[in-house]
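Q: Please take a close look at one helix pair in this structure. Describe how the two helices are arranged and what makes up the contact.

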Amino acid sequence: MTGYGKAEALVAAGKLTVEIRTLNGKNADINLKSSLLPKDKELLVRQMIADFLSRGTIDVFLTLDPSPDAVSRPINAALAKEYLSEAVSIAPEISLNAVAKATLLSSILRMPDVVDSKKQDVITEEDWPAVASAFESALSEVNSYRSKEGVALYKDVTSRVGNILSLYQEVEALEGERIETVRAKLLKALDELSQKPDQSRFEQEMIFYLEKYDINEEKVRLRQHCKYFMDTIDGDPCPGKKLGFIIQEMGREINTTGSKANHAQIQKLVVQMKDELEKIREQSMNIL
């Protein structure tokens, strides 16, 4: 979801620069960090941004490089002369040299209402089409940036899903050894107690005991979740939130496998699967 876009528009007041920066976020959190945008256009801009960028923390910056004509402000000459006359009348005996006159004039220009300081909108209605076009260009640039990042992101998360499936295949390969290990532990415990069980009853109890540690359901569900993950990331235009829920379900099956493992090597494989899933979870925060 990280991205950056920039565009410019020529307006009557000068050159307006639009910059948009996006970071990860669950929703579209739009921050307009400028007072240059007219209030009546804020809602329109927010809607435009929301249409282009569905999620993320979105910061919008507007800066103006004013033209020389726009910088100049009208001076109330009559009021300035009145202030000057009042100043000179206070000390008629004082002879003003060039430096003193310049200083006096500078002071007079700072007096109330001498210079028209009324705030004018930088972006007028006539400027709006050019400004709107600049916003669209900047937003398109953000999406282009995101798309490039998305290619690498897709490759990373999908390869990690494949890694989880491969690790679970290794778990399956250890299933027979795990069952024999459990059987051997039970027989050893009985032998230490100097008890000789009824073979038929022993097998029944063994089946009941092993059913508690059976991971076949977890295996089936995890594969289904992984397939759903791939179908979602390939088919949904904005899969980010849905992927978050799928990742939770994948984690549940991996955790249950670990709790039922009762086998050192399987536990190691479960830890590796958790590590892969956590990296997928972190990266999913960058997916729209």
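A: What follows sets the scene briefly, then turns to the pair α5 and α10.

The model is predicted. Its chain has ten helices and four strands. Along the sequence, the order is β-β-β-α-β-α-α-α-α-α-α-α-α-α. The chain has 288 residues, and 32% of them count as buried. Take the contacts between residues at least 6 apart in sequence: 79% join residues at least 24 apart. The accessible surface is about 17,600 Å². Carbon and sulfur atoms hold 54% of that surface.

Now the pair. Two packed helices are described by the angle between their axes and the distance between the axes. Helix α5 covers residues 128-173, and helix α10 covers residues 264-284. Their axes lie 9 Å apart, at an angle of about 165 degrees. Angles over 145 degrees count as roughly antiparallel, so α5 is roughly antiparallel to α10. The crossing of α5 past α10 is left-handed.

Which residues make the contact? From α5 come L153, D156, V157, R160, V161, N163, I164, L167, Y168, E170 and V171. From α10 come I266, L269, Q272, M273, E276, L277, K279, I280 and Q283.

Sorted by class, the contact of α5 with α10 has twelve nonpolar residues. Five are charged and three are polar. On the α5 side, the nonpolar residues include L153, V157 and I164, and the charged ones include D156 and R160. On the α10 side, L269, M273 and I280 are among the nonpolar residues. E276 and K279 of α10 are charged, and Q272 and Q283 are polar.

Technical notes. Residues numbered from 1 in each chain as written. Predicted model: local features only at pLDDT ≥ 70, side-chain atom pairs only at ≥ 80, totals over all residues. Heavy atoms only, no water. Helix = DSSP H or I, 4+ residues; strand = E, 2+ residues; numbered from the N terminus. Buried < 20%, exposed > 50% of the residue type's maximum accessible area, 1.4 Å probe, protein only. Contact = heavy atoms within 4.5 Å. Areas by Shrake-Rupley, 256 points an atom, 1.4 Å probe, with all protein chains shown as cover. Axes fitted to C-alpha atoms, helices over the stretch in contact; angles between N-to-C directions. Parallel < 35°, antiparallel > 145°, perpendicular 65-115°, else oblique. Left-handed = near helix turned anticlockwise from the far one by under 90°.
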